[in-house]
Every structure is written in C-alpha cells, then in structure tokens.
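Biologist: Could you walk me through this fold, one question at a time?

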Amino acid sequence: MTSKQRAQLRSMANTLQPLYQIGKAGVTPAVTEQLDAALELIKITVLETAPESPKDTIETLAARLHAEPVQCIGKKLTLYRRSKENPRIELD
C-alpha cells in the first residue's frame, strides 16, 4: 500500500465511528470472526481494560485478518482489507 493510498483511507476513516471495541478479553477468536465479516474499512476502539496496547492490537488484528493497518491514533485503530465479492472502495 502506498502512502497516497493510506492517506486516502485515513481521510475516509475520519468520518467513521468506531463499530467495535476490544475490551478486557483482548483479541479473541469471536472478535476476529466478527471483524472478518465486516472488514473493508473499519474503525475499532481499544478500551483501557484491554490486555494489549493499541499498537500491539492493530498488529495482531492485521496479521489474523490479512488486512492493512491504516492508522493507530490513541485508542482508535483503522484497518483496511479489499473486499473480494463487492469492493466499495477504489484506491488510486
């Protein structure tokens, strides 16, 4: 992913509200499964009670979901993975 594409995704994610939260249980298989079904461009909040830091969480999720980490600001994470069936986002 190029820096221009990442910037495009960051600007698109700016208006998104976080849909999921990572809490005290951390990144469980159930959380991974839910995110896998919803993923194209998604914003996630990492709660204070989460066992991992947001940077560790985004790395774990990106590896498990085969997604690209877009940004990690504070407790908010943004991930992107191109949809195979019905892509809604076209990158330059």
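**Walking through the fold**

Modeller: Sure, let's start with Gln34, which has 46% relative accessibility and so counts as partly exposed. Bear in mind that this is a predicted model.

Biologist: How far apart in space are Gln34 and Gln5, C-alpha to C-alpha?

Modeller: Gln34 sits in helix 2. In sequence, Gln34 and Gln5 are separated by 29 residues. In space, their C-alpha atoms are apart by 25 Å.

Biologist: Are helix 2 and helix 3 roughly parallel or roughly perpendicular to each other?

Modeller: Helix 2 covers residues 29-38 and helix 3 covers residues 54-65, and their axes come within 10 Å. Those axes cross at roughly 65 degrees, and angles of 65 to 115 degrees fall in one class. Helix 2 and helix 3 are therefore roughly perpendicular.

Biologist: How do the residues of that contact between helix 2 and helix 3 divide into nonpolar, polar and charged?

Modeller: The crossing of these two helices is right-handed. Helix 2 brings Thr32, Leu35 and Asp36 to the contact, while helix 3 brings Leu61, Arg64 and Leu65. Sorted by type, that makes 3 nonpolar, 1 polar and 2 charged.

Biologist: On to the sheet. Which strands stand at the edges?

Modeller: The sheet is open, with 4 strands in the order 1-2-4-3 and mixed pairing. An edge strand here has a single partner strand, so one side of it is left without a neighbour in the sheet. The strands in that position are strand 1 (20-22) and strand 3.

Biologist: By how many degrees are neighbouring strands of this sheet turned against each other on average?

Modeller: Take the strands of this sheet as neighbours and ignore their direction. On average, the turn from one to the next is then 25 degrees.

Biologist: Which residue in the turn between strand 3 and strand 4 has a positive phi?

Modeller: Strand 3 (residues 68-73) and strand 4 (residues 76-80) pair in the antiparallel sense over 5 bridges. Within that pairing, Cys72 has Leu77 as its bridge partner, and Ile73 stands opposite Lys76. The two strands form a hairpin with 2 residues between them, and the turn residue with a positive phi, about 60 degrees, is Gly74.

Biologist: And at about how many degrees does helix 3 run to strand 4?

Modeller: Helix 3 lies across strand 1, strand 2, strand 3 and strand 4. Its angle to strand 4 is about 20 degrees.

Key. Residues numbered from 1 in each chain as written. Predicted model: local features only at pLDDT ≥ 70, side-chain atom pairs only at ≥ 80, totals over all residues. Heavy atoms only, no water. Pairing = 2+ DSSP bridges. Axes fitted to C-alpha atoms, helices over the stretch in contact; angles between N-to-C directions. Parallel < 35°, antiparallel > 145°, perpendicular 65-115°, else oblique. Left-handed = near helix turned anticlockwise from the far one by under 90°. Contact = heavy atoms within 4.5 Å. Nonpolar A, V, L, I, M, F, W, Y, C, P; charged D, E, K, R; others polar. Buried < 20%, exposed > 50% of the residue type's maximum accessible area, 1.4 Å probe, protein only.
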